[in-house]
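Here are my notes, in the order I made them while going through the model. Have a look at the structure first, then read on.

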Amino acid sequence: MEDEKKVNPEPVTETNSEAKKEETVTGSEEESDFSDEAKPVSVPETPAEEKEPEVNLYAEPKEEKAETVAPVTEEQTALNEEDHEKDRKKVKGSQYVYPDPELSAIESARQNFYRVYHKFNIVKWVVTGVLLVIMLAGWIIPSVLQNQGINFNGSMYISIGTIALLIIGLIVMDVVYRRKIDVQMKTYFNEYYGHQSAYFYRDYVKDLKGTVDDKLPAGMAKESGIYVDIAKVGSRAYQTFTYHDIPGMVVDCSFQKKGTKQLETLFAGKYLKFSEKYTDGNLLIYCKGNKRALPPNSLKGRPLLEDSKNVVIYGDAKGKALLTKRVREALNQFDTNKTFLDLAIAINEKGVYFAMGYEDDFMVLPLEKPFNPAPSIQAHNDIAKVFDFIDALNEGQH
């Protein structure tokens, strides 16, 4: 289930995406190449010094299987198009077809923003050009007058005046431009997240509240225990909701830690919490992804319960009881790929947490380029599986 690659984003624009760091897994020390070198005397390890099992935290490459598709008749095609005609829409100016009105509304909002942005840019360059012409005139006119034999003593004042006018004009124009663009961008971001939230959550939650400016409350990044040593948290669009009487929250965010020279990314994606306590066990489940994925950095010292090519599970013995057949079936539905990089699930006494890592093609809001719906469709399907997982977990508790 691979989606094509996406946009360019700041969490918010196409120019300031956060770079994801590739992590390497250290292997065992190699043996010496010198056959005549004296071998070190082996010292038996004490039982207390048990080595942690080595775990590959990246999924194995998936084999691409050719799908056999039954031929579709013209009558079936006509019926399908008629069924989806109300939902499918191609917005003028975009090469994409949007399978949901909320997705087409996002592209319309982007186009409205970009028209204003483009117009202001043109005005900005025109005004800058006019000011530069005035500055050149302030230097050239006095020189021409003097060459014509016209005695003009105020040439220096004209030159200084035009430079001052240029500087003041550029400052005023920049302030006005930034304010206008900030207002338009804020409007676009609110529309983007409003339509996205309706598309993602309308079939599942009630009492969805929050705006694009709302941030993840302090401390909530660390309480899941998925990531440690978090030095900086960036977030937007923090929203709360209720799902089957369970309080929940979702936010777009990134976590960073201190690196050798600069901050390094620990996580970037959607972070969800369901405030239902599970005191009978403690689990951390990681659905592995490709080399762009960022595995949790809190795994050292955790008891390893299971490890497969796609999923690794840490936790205590009591926590394994939570992994009922229904829960495992729900877990197996998650499928990481180029857009959905990885998934970490923490289940403990504080709640159930989902750290859904996504690529920039989903996390960055489109500005100049048309909105590609494919990554959002991917996330829509992933979030549906999150609610199914919660349902499966609750079935095992009742």
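The points below go from the whole chain down to single residues and pairs.

1. **The overall picture.** Keep in mind that this is a predicted model. The protein chain holds six helices and nine strands. Of its 398 residues, 41% count as buried. The exposed area of the chain is about 23500 Å², and carbon and sulfur atoms supply 54% of that.

2. **Helix 6.** This one runs over residues 374–395, and its length checks out: 22 residues at 1.5 Å each should span 32 Å, and the end C-alpha atoms are indeed 32 Å apart. Of those 22 residues, 17 are buried, so helix 6 is largely enclosed by the rest of the structure.

3. **Serine 376, a residue inside that helix.** Serine 376 sits in helix 6 and counts as buried because its relative accessibility is 2%, under the 20% cut-off. Who are its partners, leaving aside neighbours within four places in sequence? They are Leu103, Tyr192, Tyr199, Phe200, Phe362 and Phe371.

4. **A nonpolar patch on the surface.** Ile122, Val126, Val130, Ile134 and Leu165 make a nonpolar surface patch of about 400 Å². Helix 2 (residues 101–147) gives the most to this patch, with four residues. One of the patch members, isoleucine 134, is found in helix 2 and is partly exposed, at a relative accessible area of 33%. The cut-off for joining a patch is over 30%, so isoleucine 134 passes it with its 33%.

5. **A buried charged pair in helix 2.** The side chains of glutamate 107 and arginine 110 meet in a salt bridge, 3.0 Å from N to O. Both residues lie in helix 2, three residues apart, which is about one turn of the helix. An α-helix has 3.6 residues a turn, so residues three or four places apart point the same way. Are these two buried or exposed? Glutamate 107 is buried with a relative accessible area of 0%, and arginine 110 is buried too, at 4%.

6. **A salt bridge between a loop and helix 3.** The search of the whole structure turns up 13 salt bridges. Another of them joins the side chains of aspartate 213 and lysine 186, at 3.4 Å from N to O. Aspartate 213 is in the loop between strand 1 and strand 2, while lysine 186 is in helix 3 (residues 155–201), so the pair ties together parts that are 27 residues apart in sequence. Aspartate 213 counts as partly exposed at 42% relative accessibility, and lysine 186 is partly exposed as well, at 44%.

7. **A charged network on the strands.** Lysine 270 forms a salt bridge with aspartate 252, and their closest N and O atoms are 2.6 Å apart. Lysine 270 lies in strand 4 (residues 263–274) and aspartate 252 in strand 3, so this pair ties together parts that are 18 residues apart in sequence. Lysine 270 counts as buried at 3% relative accessibility, and aspartate 252 is buried at 5%. Arg236, Asp252 and Lys270 are linked in a network of salt bridges.

8. **Strand pairing and the hairpin.** Strand 1 and strand 2 pair in the antiparallel sense over two bridges, with lysine 209 opposite threonine 240 in strand 2. Strand 2 and strand 3 also run antiparallel, joined by 10 bridges; glycine 234 stands opposite serine 254 in strand 3. These two strands form a hairpin with two residues between them, and histidine 244 in the turn has a positive phi of about 50°.

9. **Positive phi values.** Histidine 244 is exposed, with a relative accessible area of 54%. Aspartate 229 also has a positive phi, near 60°, in a residue other than glycine. Aspartate 229 lies in the loop between strand 1 (206–209) and strand 2 (232–243) and is exposed at 63%.

10. **Leucine 57, a long-range contact.** Leucine 57 is found in the segment before helix 1 (74–84) and is buried, with a relative accessible area of 16%. Its C-alpha atom is separated by 7.6 Å from that of valine 312, though the two are 255 residues apart along the chain. Beyond its neighbours within four places in sequence, leucine 57 is in contact with Tyr286, Lys288, Gly289, Pro295, Leu299, Val312 and Tyr314.

Notes:
Residues are numbered from 1 along each chain as its sequence is written. This is a predicted model: local features need pLDDT of at least 70, side-chain atom pairs count only at pLDDT 80 or more; totals for chains, interfaces and linings use all residues. Side-chain values use heavy atoms; hydrogens and water are left out. Patches are made of residues with over 30% relative accessible area and no salt bridge: like charges are joined within 9 Å, nonpolar side chains (Val, Leu, Ile, Met, Phe, Trp, Tyr) within 5 Å. Accessible areas come from the Shrake-Rupley method with a 1.4 Å probe; for residues, only the protein chains shown count as cover. A salt bridge is a side-chain nitrogen of Lys or Arg within 4 Å of a carboxyl oxygen of Asp or Glu. Buried means under 20% relative accessible area, exposed over 50%, partly exposed in between (1.4 Å probe, protein chains only). Contact means heavy atoms within 4.5 Å. The expected span of a helix is 1.5 Å times one less than its number of residues. Two strands pair if DSSP finds at least two bridges between them.
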